[in-house]
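This report walks through selected features of one protein chain, beginning with its interior and ending at its surface. Please keep the sequence and the structure in view while reading.

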Amino acid sequence: MRVDATGQVTAVAGMGGSGFSGDGGVASSAQLNFPWDVAIGPAGVLYVADLENYRVRLLSPQSAPTRVTTIQVLNGVSLTPGPVAPGMLLVVRGSGVPAADAAATIVLINSIPVPILAMDNTQIQVQAPSTLVTPADAEIVIVDQGNIAATVKVTTAVSAPALYTIDPRSAAVARGAIVTLYGTGLGLGDLPVTATIGGLAADVVTLDASPGYAGLFQISLRVPGVAVPGPAGVIVTVGGAASQAGVSIAIAGQ
């Protein structure tokens with residue numbers, strides 16, 4: 001019998017009647033004959049002196065079912081895999097933790113609890129700690145109701161910029177005008193930042209944390225005066241790392 005901290009008593013081994021059976025099976029379905037003493041061995045193994053069977057019976061702990069998961073750690077803006085930068089918004093998919101467990105879910109990055117910004121049945125959105133050490137690998141651990149649900153190792157970098165795409169219905173921007181975009185992966189904000197629009201160098205007018213949105217930054221760029229009218233790709237480079245392709249604005253003609 002086992003008595004837990006609440007005083008509840010549960011059977012560990014034996015069916016309640018004397019006999020000799022059950023070797024290699026579940027302990028609660030085995031038969032013993034006058035169990036006399038118990039000793040605890042390494043890793044939770046129990047040795048039971050089965051007196052009338054002239055045996056020492058060994059009980060091994062039963063492993064908990066393993067939750068099969070395929071974890072993806074994605075940039076929280078581009079939703080593409082890649083390194084994690086300090087303070088970056090990121091998305092963890094495939095942990096198997098349901099949204100109903102949100103209140104009992106903890107996410108740790110290198111043992112540091114990080115804020116859960118959003119969560120549904122498929123993914124958890126968090127912000128990486130600003131103290132993340134780069135370029136060493138980091139470990140993400142997801143704890144569900146006190147149990148480790150998933151772990152995954154990720155690479156890190158001083159920056160991993162990504163920009164939100166622009167709504168194609170947005171009005172075209174005049175040459176020489178200022179356009180503001182939002183993104184993540186800026187790092188600690190101490191790296192050089194450059195940008196291009198349509199392959200041409202664009203002046204960075206302002207660069208700030210996006211107020212009210214954890215892990216995001218806003219950047220204002222001046223459209224080059226010689227830019228060609230039509231769609232133009234926007235790339236922001238932070239400390240040598242460039243944002244993803246596919247983000248573009250429409251430049252108005254004259």
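## The largest nonpolar core

In this predicted model, the largest nonpolar core has 24 residues, and those with the most contacts inside it are Val73, Val84, Leu90, Val107, Ile109 and Ile140. The elements that contribute two or more residues to this core are strand E7 (89-93), strand E8 (105-109), strand E11 (123-127), strand E12 (138-144) and strand E13 (147-154). Of these, E13 gives the most, with 4 residues.

Val107 shows how one residue of this core is surrounded. When residues up to four places away in sequence are not counted, Val107 touches Ile112, Pro113, Val114, Ile116, Ile124, Val126, Ile140, Val141 and Ile142.

## A second core

Apart from the core just described lies another one, of 21 residues, which includes Leu163, Ala195, Ile219 and Val247.

## Asp50 at strand E4

Is Asp50, a residue of strand E4, buried or exposed? Its relative accessible area is 1%, and because the limit for a buried residue is under 20%, Asp50 counts as buried.

The side chain of Asp50 is joined to that of Asn53 by a polar contact of 2.7 Å. Once the neighbours within four places in sequence are set aside, the residues in contact with Asp50 are Phe20, Gln31, Leu32, Asn33, Phe34, Pro35, Arg55 and Arg57.

## Leu51 and a nonpolar surface patch

Leu51 belongs to the loop between strand E4 (46-50) and strand E5 (55-59). With a relative accessibility of 38%, Leu51 counts as partly exposed, whereas Asp50 is buried.

Together with Phe34 and Trp36, Leu51 makes a nonpolar surface patch of about 350 Å². Phe34, a member of this patch, also appears among the residues in contact with Asp50.

## Ser28 and the residues it meets

Ser28 is found in the loop between strand E2 (9-10) and strand E3 (35-40). Its relative accessible area of 40% makes Ser28 partly exposed, because that class covers values between the buried limit of under 20% and the exposed limit of over 50%.

Which residues are in contact with Ser28, leaving aside its neighbours within four places in sequence? They are Val12, Ala13, Gly14 and Met15. For one of them, Gly14, the C-alpha atom is separated from that of Ser28 by 5.0 Å, although the two residues are 14 residues apart along the chain.

Technical notes:
Residues numbered from 1 in each chain as written. Predicted model: local features only at pLDDT ≥ 70, side-chain atom pairs only at ≥ 80, totals over all residues. Heavy atoms only, no water. Patch = residues over 30% accessible without salt bridge, like charges linked within 9 Å, V, L, I, M, F, W, Y side chains within 5 Å. Areas by Shrake-Rupley, 256 points an atom, 1.4 Å probe, with all protein chains shown as cover. Salt bridge = Lys/Arg side-chain N within 4 Å of Asp/Glu carboxyl O. Buried < 20%, exposed > 50% of the residue type's maximum accessible area, 1.4 Å probe, protein only. Polar contact = N/O pair within 3.5 Å; in protein donor to acceptor, adjacent residues only side chain to side chain. Contact = heavy atoms within 4.5 Å. Core = buried A, V, L, I, M, F, W, Y, C linked by side-chain atoms within 4.5 Å.
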